[in-house]
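User: Hi! I am new to reading protein structures and would like a close look at a single part of this one.

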Amino acid sequence: MKILLTAVNAKYIHSNLGIYSLKAYADQILGAGEAGGRNDRAIKRETGTCREGLAEPFIELAEYTINHQPDLILQDIFSREPDVIAFSCYIWNIEYIRYLVADLGKILPDVPIWLGGPEVSFDAAKVLRELPEVTGIMKGEGEETFAQLAGYYVDKRCEKRVGGGKRLPERQAGLKDIPGLSFRLPDGSLADTGVRQAMDMSRIPFPYKNMDIKDLEHRIIYYESSRGCPFSCSYCLSSIDKSVRFRSLELVLDELAYFLAAGVSQVKFVDRTFNCNKKHAMAIWKFIQSQDNGVTNFHFEIAADLLDQEEMELLGQMRPGLIQLEIGVQSTNPDTLKAIRRKTDIDEIRRITGTINKGHN
């Protein structure tokens, strides 16, 4: 049994935190079997002991870039002999993945193909109508959804191995029990299981724990300590999630210590607005300053007009090169800002970025 989690990155130096996180959570639930809630226990209970006979690892990662020749990617995927293929879809790779999916449907016609990620989550029915080769779409936050989906396919394989004879027609009823899916029924119609409730971020295992960090040498390592955004810009997918959730600071600091001990070159936080919670941001900034190894750089996306004097003073004390600040400005046009519903103080952004630049660090 092999489920292939597939990423097509924009450049070689990028890595895909999404598929690392999906694999880490699914491995924990389906492998170690640690129950983190009713759904986790249900997976463990329903699959029984048959999973013990599966070849490991049954969830495999495959990373490519949009600069690869599509035929070489198709050849590599085919050679891996996957039983299920899942693609991580973003704005930079969606057209590329559409091309791959069309050909995979021809060379691997019996292999289910699933899509997930921000570029397909919010208009799943339209994507399924446009891509008949796609079996279904995982919508929104993926860890729990993918773990249950993987459990569903493990069940199917177990039934074949033990000759159960109690299979539901096409096992589609099993998919209907998994929140967060849109998928194709045997008669060609589409089913949708609704939106999955957002999970506690502290339940997600550290994605890099069981990886060889040397495999990511010369590549950017992505990390998240929060999900969601405090703003409601009308054009942005992040505004759909009306709350911001934080990973336990104890876990975050322990995981950052791992990166520092490994001497990685850069850790890029993917938090939408890292400094939306001052206590959270200050604790992390103070930690990386006190534990600075002289090598590792940390990258943060922030809202400059949320910084106060205490935060500015701390940033001003950082070793040159220890941190990078990505300060996004949606617009300098007041009418545009009003139209997209973004509360912004342009004068304050100008003042603060000027002060930061004067620090030359």
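How many residues does helix α8 have, and what distance does α8 reach from its first C-alpha to its last?

Analyst: Happy to help! Please keep in mind that this is a predicted model, where local features need pLDDT of at least 70, side-chain atom pairs count only at pLDDT 80 or more, and totals for chains, interfaces and linings use all residues. Residues are numbered from 1 along each chain as its sequence is written, and side-chain values use heavy atoms, with hydrogens and water left out.

Helix α8 covers residues 249-262, which is 14 residues, and reaches 20 Å from its first C-alpha to its last. That is close to the 20 Å expected at 1.5 Å a residue (the expected span is 1.5 Å times one less than the number of residues). The name α8 comes from DSSP runs numbered from the N terminus: helices are H or I with at least four residues, and strands are E with at least two.

Now let's look at the two sides of the helix. Val 252, Glu 255, Leu 256, Phe 259 and Leu 260 of α8 are buried (buried means under 20% relative accessible area, exposed over 50%, and partly exposed in between, with a 1.4 Å probe and protein chains only). These residues sit on the same side of α8 because they cover an arc of only 150° around the axis, the arc being that of the directions from the helix axis to the C-beta atoms. On the other side of α8, Glu 250, Asp 254 and Ala 261 are exposed.

What lies over the buried side? The cover of the buried α8 residues includes the strands β8 (221-223), β11 (266-269) and β12 (297-302), along with helix α9 (278-290); contact here means heavy atoms within 4.5 Å.

One of the buried residues, Glu 255, also has a charged partner. Its side chain meets that of Arg 247 in a salt bridge, at 2.8 Å from N to O (a side-chain nitrogen of Lys or Arg within 4 Å of a carboxyl oxygen of Asp or Glu). Side chains of opposite charge can pair when their charged atoms come close. Arg 247 is buried, as Glu 255 is.

Helix α9, part of that cover, has a salt bridge as well: Lys 278 pairs with Asp 308, the closest N and O atoms being 2.7 Å apart. This pair links distant parts of the chain, with Lys 278 in α9 and Asp 308 in the loop between β12 and α10, 30 residues apart.

Finally, α8 is followed by Gly 263, whose phi is positive, near 65°.
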